Structure formats: C-alpha cells, structure tokens
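Q: Could you take me through the core of this one up close? I'd like one connected account, starting with how the strands are put together and ending with how far to trust the picture.

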Amino acid sequence: MAPQFMFLIEALRKTILYPELEWDFRLPLVKSINVSGHKYGLVYAGIGWVIWRNKEDLPEELIFHINYLGADQPTFTLNFSKGSSQVIAQYYQLIRLGFEGYRNIMENCRENMIVLREGLEKTGRFKIVSKDEGVPLVAFSLKDNHCHDEFEISDLLRRYGWIVPAYTMPADAQHVTVLRVVIREDFSHTLAERLVNDIQKVLHELDRLPSKLSSNSTIETQEVENNEKSTVTTKKSALETQREITTIWRKFVMDKKKITGVC
C-alpha cells in the first residue's frame, strides 16, 4: 500500500493571487487549511485560524474537554485571557477589503517586488534566487562574494535605516548566503527604488574597502606584532621596575646609616 501523506496548506496568498489553482480541499490529500492574519491579512500579530476537512482529520490529542459551564464542551483552542483586538481588526479588514481589496493589495505588492528585483538585476552584482510566483519577496545573493559578502551588505544597510536579513541556506546548501526582502503593503514603489539606491551606495563603500580576506590577514599580522611588542614592553617594564626597587632600597639603606650615625 502506498504511503499516505497529509498536507496543511497556508491559504491566504494562494487564494488571492492564484484563485485558478486547485490547492484546497479539492485535493484529496489536503486535510487542513490555515491562515495567518498577521501576515498578509493586514492585522497585527496574534490572529490566525485553521479548518479541517472533517472531524476525523482533527487529531484527538489536540482536543480537550471542559464542563464548567454545565455540559461537556470539546475544544482545541488555547484558553487564556487575552484581548480581542486582533479578532475585531481582522473582521473589519475582511468586511472593508473583501476578496477584491485583498487581491489589489497583493498585486500591488507583487508589482513592487518586480521593481525591486529589476533594480537589483540592473546593478549587475546580484543573482536573484527567488521566484516571481508565490510570496512577494526577493531573495538575492552576490555573484562574487570573495572580497565582500552578504553579511557586510546587511550590516552597512542599517546605516540607511534598512534591516535586511542575511543568512545561509539549510543543510547541503550552507555555502549559499542570501539577502531577503519581504514586500508588504506599506513597501511602495518609491521605497523599492530607494532601497536599490542605498544598496548601490553600500556596494560603492565596500568597493573602496579592503577585502575581508586581506583585512583578516592584516589583523592577524597586527595581532602578532602587538603580541611581540607587548612581550618586549613587559620585559622592559619589569627590568625598569627592578632597577627602581634597587635604587629605592639603596637610598633607604644609606639614609638609615646616616640616621644611625647621627644618633
């Protein structure tokens, strides 16, 4: 018998951008669908929901029973006191925007993603590793990172007010480092162009700096020289200290002899 796989699908982006795709319960192996409202649902963190195909697909170990209201009530929610602001905000957004509103926002995010991608490609310095389909984001890496790497770019971009994460890929691809920009609703066309300009400024700054390899070798050489100087200085200081002690001791002895003679 062939192995059975069950899939949990994150719904919102797929629903809005690619409604023609069959990704939901029309596929027999999809057992549950979840939505994170704090991502592209345009609500602050703390709201999300999930639905299962049928009751049998909900694992029994996730269900617990309460009876403090007079009858058995099975539930699989997290029970604790918290505000309802996220629920209210999400309900408002769903009514206010509707399917077309969310679709317009996501299409705008995708257009700004393309602006950013094309701007990075025009620099001739980056390789785009992300696809245009799916989440509106741009992941890119340097074509040549022998002199300077993506972590240096990420660090220098902070001076311009950008926090662009740089990280290595998972196992079997650790040699690949990428920078990643996620396009949200408030990331406009103008901001995309500004980010490209700031990245170009960072590249120019790095081009004027020595490479990380030569810097490392210079630092190691300086450390060796400093260690040697420190050793010499320590020996010289110890010798001077000994001479000072001897001089003071001689003076003390001579002064004592003079005092003794007077007495």
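A: Let's settle one term before going in: two strands pair if DSSP finds at least two bridges between them. Also keep in mind that this is a predicted model.

With that in hand, start at β9. Strand β8, residues 166–168, is joined to β9 by 3 bridges, and the two run antiparallel. Look across from Ala-166 and you find Leu-179 in β9. β9 also has β7 as a partner, again antiparallel, this time through 4 bridges. One place to see that pairing is Val-138, whose bridge partner in β9 is Val-181.

Now pick out Thr-177, which sits in β9. Is Thr-177 buried or exposed? With a relative accessible area of 11%, Thr-177 counts as buried, because that is under the 20% cut-off. Past its near neighbours in sequence, Thr-177 touches Phe-140, Ser-141, Glu-150, Phe-151, Tyr-167 and Thr-168.

Phe-140 is a good handle for the next step, since it also turns up in the largest nonpolar core. That core has 31 residues, and those with the most contacts inside it are Leu-116, Leu-120, Phe-126, Phe-140, Ile-153, Leu-195 and Ile-199. Six elements each supply at least two of its residues: α2 (85–123), β6 (126–128), β7 (137–142), α3 (150–157), β9 (177–182) and α4 (189–208). The largest share is from α2, with 8 residues. As background, nonpolar side chains tend to be buried together in soluble globular proteins.

To see how the pieces meet, zoom in on Leu-120. Leaving out residues within four places in sequence, its contacts are Phe-126, Ile-128, Val-138, Phe-140, Val-196 and Ile-199. So which helix do Val-196 and Ile-199 bring in? Both are among the buried residues of α4, as are Ala-192, Leu-195, Asp-198, Val-202, Leu-203, Glu-205 and Leu-206. Notice that Asp-198 and Glu-205 are on that list too. The cover over the buried residues of α4 includes α2, β6, β7, α3 and β9. As for its geometry, α4 has 20 residues and spans 30 Å from first C-alpha to last, close to the expected 28 Å.

What about the cysteines? The structure holds 0 disulfides. Cys-109 is buried, with a relative accessible area of 1%, while Cys-147 is partly exposed at 42%.

Stepping back to the whole chain, there are 5 helices and 9 strands, and from the N terminus they run β-α-β-β-β-β-α-β-β-α-β-β-α-α. Of the 263 residues, 30% are buried. Among contacts between residues at least 6 apart in sequence, 55% join residues at least 24 apart.

Finally, the trust question. The chain has a mean pLDDT of 80, and 71% of its residues reach 70 or more. The stretch at residues 1–5 stays under 50, with 2 contacts in the model beyond four places in sequence. Residues 259–263 are below 50 as well, and that stretch has 0 contacts beyond near neighbours in sequence. Where pLDDT is low, the predicted coordinates should not be read in detail.

Definitions and conventions
Residues are numbered from 1 along each chain as its sequence is written. Side-chain values use heavy atoms; hydrogens and water are left out. pLDDT is the predictor's confidence in each residue, from 0 to 100. Contact means heavy atoms within 4.5 Å. A disulfide is a pair of cysteine sulfur atoms within 2.5 Å. Buried means under 20% relative accessible area, exposed over 50%, partly exposed in between (1.4 Å probe, protein chains only). A nonpolar core is a set of buried Ala, Val, Leu, Ile, Met, Phe, Trp, Tyr and Cys residues joined through side-chain atoms within 4.5 Å. The expected span of a helix is 1.5 Å times one less than its number of residues.
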